[in-house]
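This report walks through one protein chain, beginning with its overall build and moving on to its interior and to a few individual residues. Please keep the sequence and the structure in view while reading.

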Amino acid sequence: MKNRFLCPSCRADLKIKNSVIFSAHTAGGNKGLVLFSPELGNYSIVHVPGFSYAEGEHIDFFCPVCHANLGVPDKGNDLARVLMIDSKQVEYSIVFSEIAGKQCTLKMKEDTIVESYGEDAGEFANFWGAEPRYQ
């Protein structure tokens, strides 16, 4: 994958080899590094051994470079956002769930959802005026 993933605050590259790296904090005060797949819709996660969380727990994600909170507070407390620049140099916002086990990723251009991934995507799509899609 040639996509780049950037912090929306400092625009630092967050992708190393085949992972997008974040600093993460749970509500219980547990902190660690978390690596996501750069493939949108792939929900495999790797984290440092001492970082644990429960299914359904809220996890705050931060830029590991500037430490900016990646949350999207104007759309609720359960979403985070990074930037993605694709191989054609088109920039998108990638919005994803901060709830452990929720599978939701939204690829957005401005405030329009271009693509959505994950079984829980419809739960969050309505924040942007999108109608739910039923399969």
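What percentage of the 135 residues in the chain do buried residues make up? In this predicted model, buried residues account for 42% of the 135 residues.

**Overall build**

The secondary structure consists of one helix and 10 strands, and, read from the N terminus, the elements follow the order β-β-β-β-β-β-β-β-β-β-α. A compact globule of 135 residues would have a radius of gyration near 14 Å, and because the chain has 14 Å, the two values agree. Along its principal axes, the C-alpha trace spans about 40 × 30 × 25 Å. Among contacts with a separation of 6 or more, 39% join residues that are 24 or more positions apart.

The accessible surface of the chain is about 7,700 Å², and carbon and sulfur atoms contribute 48% of this area. As for charge, there are 13 positive and 17 negative side chains, with the centres of the two sets 9 Å apart.

**The nonpolar interior**

The largest nonpolar core has 22 residues, of which Phe22, Phe61, Leu70 and Val82 touch the most other members. Two or more residues of this core come from each of the strands β3 (19-26), β4 (31-36), β6 (59-62), β7 (79-85) and β8 (91-97). Another core, of eight residues, lies apart from it, and its members include Val72, Cys104, Leu106 and Met108.

**Selected residues**

The table gives the location and the relative accessible area of five residues, which are then taken up in turn.

| Residue | Location | Relative accessible area |
|---|---|---|
| Phe36 | strand β4 | 18%, buried |
| Thr26 | strand β3 | 7%, buried |
| Gly101 | loop between β8 and β9 (105-109) | 42%, partly exposed |
| Lys17 | loop between β2 (15-16) and β3 | 74%, exposed |
| Glu110 | loop between β9 and β10 (112-117) | 71%, exposed |

Phe36 counts as buried because its relative accessible area is 18%, and the cut-off for that class is under 20%. Leaving aside its neighbours within four places in sequence, Phe36 is in contact with Asn18, Ser19, Val20, Phe22, Ser44, Ile45, Phe61 and Phe96; of these partners, Phe22 and Phe61 have already been named among the residues that touch the most other members of the largest nonpolar core. The C-alpha atoms of Phe36 and His47 are separated by 8.8 Å, with the two residues 11 apart along the chain.

Thr26, in strand β3, is likewise buried, with a relative accessibility of 7%. When neighbours within four places in sequence are set aside, the contacts of Thr26 are Phe51, Ser52, Tyr53, Glu57, His58 and Ile59.

Gly101 lies in the loop between β8 and β9 and is partly exposed, at 42% relative accessibility. Not counting residues up to four places away in sequence, Gly101 touches Glu55 and Asp120. The C-alpha atoms of Gly101 and His58, which are 43 residues apart along the chain, are separated by 9.8 Å.

The backbone of two loop residues also deserves a look. Lys17, in the loop between β2 and β3, has a phi near 50°, a positive value in a residue other than glycine. Glu110, in the loop between β9 and β10, also has a positive phi, of about 60°, although it is not a glycine. Lys17 is exposed, with a relative accessible area of 74%, and Glu110 is exposed at 71%.

Conventions. Residues numbered from 1 in each chain as written. Predicted model: local features only at pLDDT ≥ 70, side-chain atom pairs only at ≥ 80, totals over all residues. Heavy atoms only, no water. Core = buried A, V, L, I, M, F, W, Y, C linked by side-chain atoms within 4.5 Å. Buried < 20%, exposed > 50% of the residue type's maximum accessible area, 1.4 Å probe, protein only. Helix = DSSP H or I, 4+ residues; strand = E, 2+ residues; numbered from the N terminus. Rg over C-alpha atoms; globule rule 2.2 N^0.38 Å. Contact = heavy atoms within 4.5 Å. Areas by Shrake-Rupley, 256 points an atom, 1.4 Å probe, with all protein chains shown as cover. Lys, Arg positive; Asp, Glu negative; His and termini not counted. Charge placed at Lys NZ, Arg CZ, Asp CG, Glu CD.
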